[in-house]
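Trainee: I should like to learn how to read the features of a structural model. May we go through one together?

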Amino acid sequence: MSDMNLKLKVWKQNGPNDKGRFENYKVVANEHMSFLEMLDVLNEQLISEKSDPVSFEHDCREGICGACSMVINGRPHGPNKGTTTCQLHMRFFKDGDTITIEPFRANSFPVIKDLVVDRSAFDRIIQAGGYISVNTGQAQDANAIPIEKDVALDAFSAAACIGCGACVAACPNASAMLFTSAKVAHLGHLPQGKVEHDKRVQKMVAQMDEEGFGMCSNTYACEAECPKEISVKNIASLNRNFIGKVFKTE
Amino acid sequence: MTVENNFTETETLVKEGTGLKNNVPEAGDLENKWTQYRSTMDLVAPNNKRRIDIIVVGTGLAGASAAATLGELGYNVKCFTFHDSPRRAHSIAAQGGINAAKNYQNDGDSVYRLFYDTIKGGDYRSREANVHRLAEVSRNIIDQAVAQGVPLAREYGGLLANRSFGGVQVSRTFYAKGQTGQQLLIGAYQALSRQISVGNVEMYNRHEMLDLVKVDGKARGIITRNLLTGKIDRHAAHCVVLATGGYGNVYYLSTNAMGSNVTAAWRSVKRGALMANPCYTQIHPTCIPVSGDYQSKLTLMSESLRNDGRVWVPKKKEDVMAIREGRKNGNDIPEEDRDYYLERRYPAFGNLVPRDVASRAAKTACDEGYGVNSTGLAVFLDFAAAVIRYGKSEAISKGINNPTDQQIGDLGRAVVAAKYGNLFEMYEKITGEDPYFQPMKIFPAVHYTMGGMWVDYNLETNVPGLFALGEANFSDHGANRLGASALMQGLADGYFVIPYTIGQFLSKEIRTPKIANDSPEFMAAEKETREKLEKLMNIKGNHSVESFHKRLGLIMWEYCGMSRNAEGLKKGRQMIRELREEFWRDVYVPGSLDEYNPELEKAGRVADFLELGENMMVDALDREESCGGHFREEHQSAEGEAQRNDKDYTYVSAWEWDDNEPILHKEQLEFKNVELKTRSYK
């Protein structure tokens, strides 16, 4: 196991009102570590020097909770396709590399500290209508409505979103269209979700606008950077639903 | 903090307390107890619900489903999570599935069979009435999830698909690829979001519960720290519901998320709640092995893989050495030189034995020197046979006559990919090896804790008005949990049990006015919380929180891990006490109290683990038998199987914490509907 000597250029920012700056650090890692374990090593080093550790968000460390973020060398979640930061391993870097690490940048995701941002705008988009209105106990038998396997799989593919916000960070307009359209598609594909579909689209899009996310930039950077590879087809279908609704008379 | 350094005689310090009343209703047979109870229990009328406040802590499957359902019923709910969003709770990482006694496969399943499998799987150390209720409501959970839009796997006919999990002989597990927990949690999160949007639930993200407040003996609120600003707040309510998950991170390395902790539960224990069966921990047999001392967590490979994967080690030591040194890999070992030890030792269940049995068998193989990686701590999980079986079947269904090996392999791998694709990708990302072509290397890791807060049939702790749900309680899994039963229990508790049983307490509280949050009890608890935080900040020692946590984890794994003995447990207990003393003398927490400070959060959690760990050692030492996940080396058969002692240990150990003398309260378990047998999967 050979050591890797790395130079890190890390964004440090003490709260939303601080201007922020890059700090340079040196760290010794090895190829078996995950990217976050490399940062753990850095933080242990900083704590032992009684300096301020680098704050970053993380939890499950297996690519499913959506907590980890970071822009690594200019790309949300780093260089690998379909991979969250926590699943990125150091064997994809080499001895002597300089790695630049920044937070997910978007007006709607204010920086809390260093690499930690506030993504609660996503919660509010879901609260605006990203659900099926069924109280506990109201359900009929689960097999009462057969759902074609392919339809269920399409719903699943959209539902795989982990709410990390990489799509927003990747977009030149910081648009939340991929996130919002994925939820609309997940629920809209299923017969249970069709009842409230039109209202859901209107309410979620309105909330998305209110949060200050930008318009879709049509660059598809969101799909390219999405760790769950959510398709931009969902955006096209949301647009159809949304525009269709504008011209529909009640 | 008082710690005695010259402490040796552990067992003399265990004081026995009083027996516990589990409040299982007398009326009705096992089959209709719950229905009868539900139909006759006290209710809170809608006009009164509006005046009652409930605090729910935690937003995993149990917490989110409880908060959403209580909100739907009309209560005023305040819900708390330390995460930035309720959707991040660790339930999200559950992979394989959720059990339900639907019998959609017509393979002989029933409520009774699920009940029986769970009792047997738990090695006859759980409460019959609770487990039967769990099996009953399991069916409603699937209905509810589908109605919410949870995209569970389906067959071509459009109906729901099932698979098998360990310890059972029917297919009752519903799933959504390897992301079942994620999909069910998002379902509950959406239901919760809906209640937030209509104002029935007030959501507090990034708030950590640091104390429980009791007024006149009843749980009436909590003290929280706002993790962004450091502000300490007092929150009052008529009752408090904890759904704060398990304590597997006491071992440092586990499959739990980094933030999972015992703090809310443990601080409640320090206010008088009881910790039940803390030594019952589940070591999951199929996880990616440890690769170095920088490692921060372990990754699970779902139990569903054992439907198709075969577990083995080489028969010959020279093959083992060749593999360790990289001269051979698994594929080079001919069939006759492989020991499929689970199939050999347990022919009836084969690779699908329960988790505790599979983990111990892997440990035995590695202890005997057959481990297949450089550390000697790994066994193979091999899909080659499944690839061929599926490949041949696909070739037939596609009308390919005389398929080549390549065609069979390609077709078979496609089937395996459809079933387990995301797990295989996850394995490849971490290890850099491709499991479609090489057998996986796996090893057991801490995964789940069956122990937890003691609760009665109503899920109420011994502190009136304090309830515990999901992994945070001890109630349903005995000494070993079966696969795909954690999601079932979390959602059963949250959607279908607590909404009813909480009424038993609250129906007596309808005349209680709004609870004031500035009573002397609240002010004192706030002050104590602040002082504890200040104490941590002011130690200004030399070692990081992480370094103490790692050392604690090593002690726990060594002396209270997959197998335990009296000598080790005594030693481990002493080591923890010394480590705790060192922590409070020499830990270094950077930053300040009144800001975003993840190191301070961690310090409080590790301080609690340093007490819980000792409680686990004491509990494991008291239980002079082997059962489920608790394996005492002194109590095993000639073949190395666990030996229970039903005569002396058919009880729940519920511990009252005290720095010097934990007090044991017992709940005797009565089995009226199943016969206690030696568990056999042979």
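Trainee: How many residues does each chain bring to the contact between chain A and chain B?

Mentor: The size of an interface is often given as the accessible area lost when the parts come together. Here the description is by residues: chain A contributes 64 residues and chain B contributes 63 residues, two residues being in contact if their C-beta atoms, placed from the backbone, lie within 7 Å. This is a predicted model, in which local features need pLDDT of at least 70 and side-chain atom pairs count only at pLDDT 80 or more, while totals for chains, interfaces and linings use all residues. Residues are numbered from 1 along each chain as its sequence is written, and chains are lettered from A and ligands numbered from 1 in the order in which they are written.

Trainee: Which helix of chain A gives the most to the side that touches chain B?

Mentor: Helix 1 of chain A does, with seven residues. Helices (H or I, at least four residues) and strands (E, at least two) are DSSP runs, numbered from the N terminus. Other elements of chain A that supply at least two residues include strand 6 (111–113) and helix 5 (177–189).

Trainee: How is a sheet read, and in what order do the five strands of the open sheet in chain B lie?

Mentor: Strands of a sheet pair through backbone hydrogen bonds, either parallel or antiparallel. Two strands count as paired if DSSP finds at least two bridges between them. In chain B the order is 12-16-15-13-14, with antiparallel pairing. Strand 12 (281–287) and strand 14 (338–339) of chain B each have a single partner strand, so one side of each lacks a neighbour in the sheet. Within the sheet, strand 13 (residues 310–314) and strand 15 (residues 379–382) of chain B are joined by three bridges; V311(B) has L381(B) as its bridge partner in strand 15 of chain B.

Trainee: Is Y681(B) buried or exposed, and why?

Mentor: A residue is buried if 20 or more other C-beta atoms lie within 10 Å of its own, exposed if 12 or fewer, and partly exposed in between, with C-beta atoms placed from the backbone. Y681(B) is buried because 20 other C-beta atoms lie within 10 Å. Y681(B) belongs to the segment after strand 22 (663–668) of chain B. Leaving aside neighbours within four places in sequence, the contacts of Y681(B) include Y346(B), F349(B) and P354(B).
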